[in-house]
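Q: Please take a close look at one part of this model. Then work outward from there and connect what you find along the chain.

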Amino acid sequence: MSSPQPRPNVSAIPAYVAGKPPTPVPGMRSYKLSSNENPHVPLPGVLEAAVGAAARMNRYPDMGSSELYAALSDRFDVPVEDLAVATGSVALIYQLAQAFCEPGDEVVFAWRSFEAYPIAVAAAAATAVQVPVTADGRHDLAAMAAAITERTRVVLVCTPNNPTGPAVSQAELDAFLAQVPPHVLVVVDEAYVEFVRIDDPIDAMAAYRSHQNVVVTRTFSKAYGLAGLRVGFAVAPTPIATALRAVSLPFGVSSVAQAAAVASLEREAELLARVEALVEERDRVVTGLAEVGWNVPDAQGNFVWLELGDRTLDFAAAAEAKGIMVRPFAGDGARVSIGEYEANDRFIELAGEWAR
Ligand code: PMP
């Protein structure tokens, strides 16, 4: 009997494993450190804007997200034509693969990196080319450049790299871009850019201005704390941004998300002050980990990486019993988000018990 069959690539799509919600532990508060979320609740003005928009939920959102485009255009000094908003920056990765890859075309990215990459690539029936990160969790950009073939259409550069933490420097990016053929798209995924504190940080917006093949993706989910609303954006040369918008889901970005994103841009100073506090907290965690025997890769996002190898799942279970959910990658390591002070303390203490 014949039955409807999805395209063969669909069965090859790996599952996305979401960070677990906190399991209640009797007698203690549990914390979710498994999804790189912002632990701060929304700012009052942002919440009000979202609630105001929710009162009109019987209407479709503004399909053109015109206020959001205008606000982003102002904020980043880029023409509206060079922007594409979407339901989180993850959607933009899917759209890039869909718009730029024929089946079998290659997409190069570091590994381990953001787990949605292989999914988005497989969904587009493209081929993932994974280039191992270095021992200290950095992109091996020389190896990534060498992995480019005549089938390569897209290279994804995740900086800071989720889940290992290090950020690519401007010098490294410049050297890399000089080696990439102009018809290959370079996506600079800056989901955590606001948390970066290195000496030579990337100016990805400048890279987009000076290269016809550079796309920058950003999100409101992390620094801006709107993960639950699903809104992100890309900045790209007009033809690329046009292609991204062409394959976007109509009415994808909800009116609540649009309103909250616009209100967030209006309150950027307050939000970035919270980011600064999270960066300080991250540095406290990194120092605390060093004191108990863990030298983690340079943590430039709102998370740290513990290379636990085959102890990873046991560590995650031990953390869960202590009321903290982490994101384990079996056989490899655990990513632990920077959360509430008490959660971070509990994590440092536990990590100490697992140091070698
Ligand atoms: N890029 C990276 C590197 C990420 O870690 C994430 C979220 N985990 C995203 C993109 C997507 O974020 P969102 O879809 O919430 O914008």
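A: Start with Ala125, which is buried, because its relative accessible area is 16% and the cut-off for buried is under 20%. The model is a predicted one. Ala125 sits in the loop that runs between helix 4 and strand 4, the latter covering residues 127-132. Its backbone stands out. Phi of Ala125 is near 60 degrees, a positive value, and the residue is not glycine.

Phe251 has a positive phi as well, near 60 degrees, again in a residue other than glycine. Phe251 is also a loop residue, placed between helix 8 (238-246) and helix 9 (255-266). Its setting can be read from its accessibility: at 34%, Phe251 counts as partly exposed, whereas Ala125 is buried.

Phe251 also belongs to a surface feature. Together with Tyr60 and Met63, Phe251 makes a nonpolar surface patch of about 370 Å². Tyr60 comes from the loop between helix 1 and helix 2 (66-76). Tyr60 counts as exposed, because its relative accessibility is 67% and exposed means over 50%.

Helix 1, on one flank of that loop, spans residues 44-54. Gly45, Val46, Ala50 and Ala53 are buried there. These four lie on the same side of helix 1, because they cover an arc of only 135 degrees around the axis. The other side of helix 1 carries the exposed residues Pro44, Glu48 and Val51.

Back to the backbone, now for its peptide bonds. Trp111 and Arg112 are joined by a cis peptide bond, with omega about 10 degrees. Arg112 belongs to the loop between strand 3 and helix 4 (116-123). A cis bond also joins Asn162 to Pro163, where omega is about 15 degrees. Pro163 is in the loop between strand 5 and helix 6.

Strand 3 and strand 5 also come up in the charge contacts. Arg153 and Asp105 form a salt bridge, with 3.5 Å between the closest N and O atoms. Arg153 is in strand 5 (residues 152-158), and Asp105 is in the loop between helix 3 (89-100) and strand 3 (106-111), so the pair ties together parts 48 residues apart in sequence. The partners differ in cover: Asp105 is buried at 6% relative accessibility, while Arg153 is partly exposed at 29%. Arg151 joins in, and Asp105, Arg151 and Arg153 are linked in a network of salt bridges.

The structure holds 18 salt bridges. One of them pairs the side chains of Arg29 and Glu340, at 3.8 Å from N to O. Arg29 lies in the segment before strand 1 (31-32) and Glu340 in the loop between strand 12 (333-337) and helix 12 (341-354), so this pair ties together parts 311 residues apart in sequence. Glu340 is partly exposed, at 24% relative accessible area. Glu37 and Lys32 pair too, at 2.7 Å from N to O. Both are partly exposed: Glu37 at 30% and Lys32 at 28%.

End on helix 6, on the far flank of the Pro163 loop. Helix 6 covers residues 170-177 and includes Glu172. With Asp174, Asp199 and Asp200, Glu172 forms a negative surface patch. Glu172 counts as partly exposed, because its relative accessibility is 33%.

Key:
Residues are numbered from 1 along each chain as its sequence is written. This is a predicted model: local features need pLDDT of at least 70, side-chain atom pairs count only at pLDDT 80 or more; totals for chains, interfaces and linings use all residues. Side-chain values use heavy atoms; hydrogens and water are left out. Patches are made of residues with over 30% relative accessible area and no salt bridge: like charges are joined within 9 Å, nonpolar side chains (Val, Leu, Ile, Met, Phe, Trp, Tyr) within 5 Å. Accessible areas come from the Shrake-Rupley method with a 1.4 Å probe; for residues, only the protein chains shown count as cover. A salt bridge is a side-chain nitrogen of Lys or Arg within 4 Å of a carboxyl oxygen of Asp or Glu. Lys and Arg count as positive and Asp and Glu as negative; His and the chain ends are not counted. The place of a charge is taken as NZ of Lys, CZ of Arg, CG of Asp or CD of Glu. Helices (H or I, at least four residues) and strands (E, at least two) are DSSP runs, numbered from the N terminus. Buried means under 20% relative accessible area, exposed over 50%, partly exposed in between (1.4 Å probe, protein chains only). The arc is that of the directions from the helix axis to the C-beta atoms.
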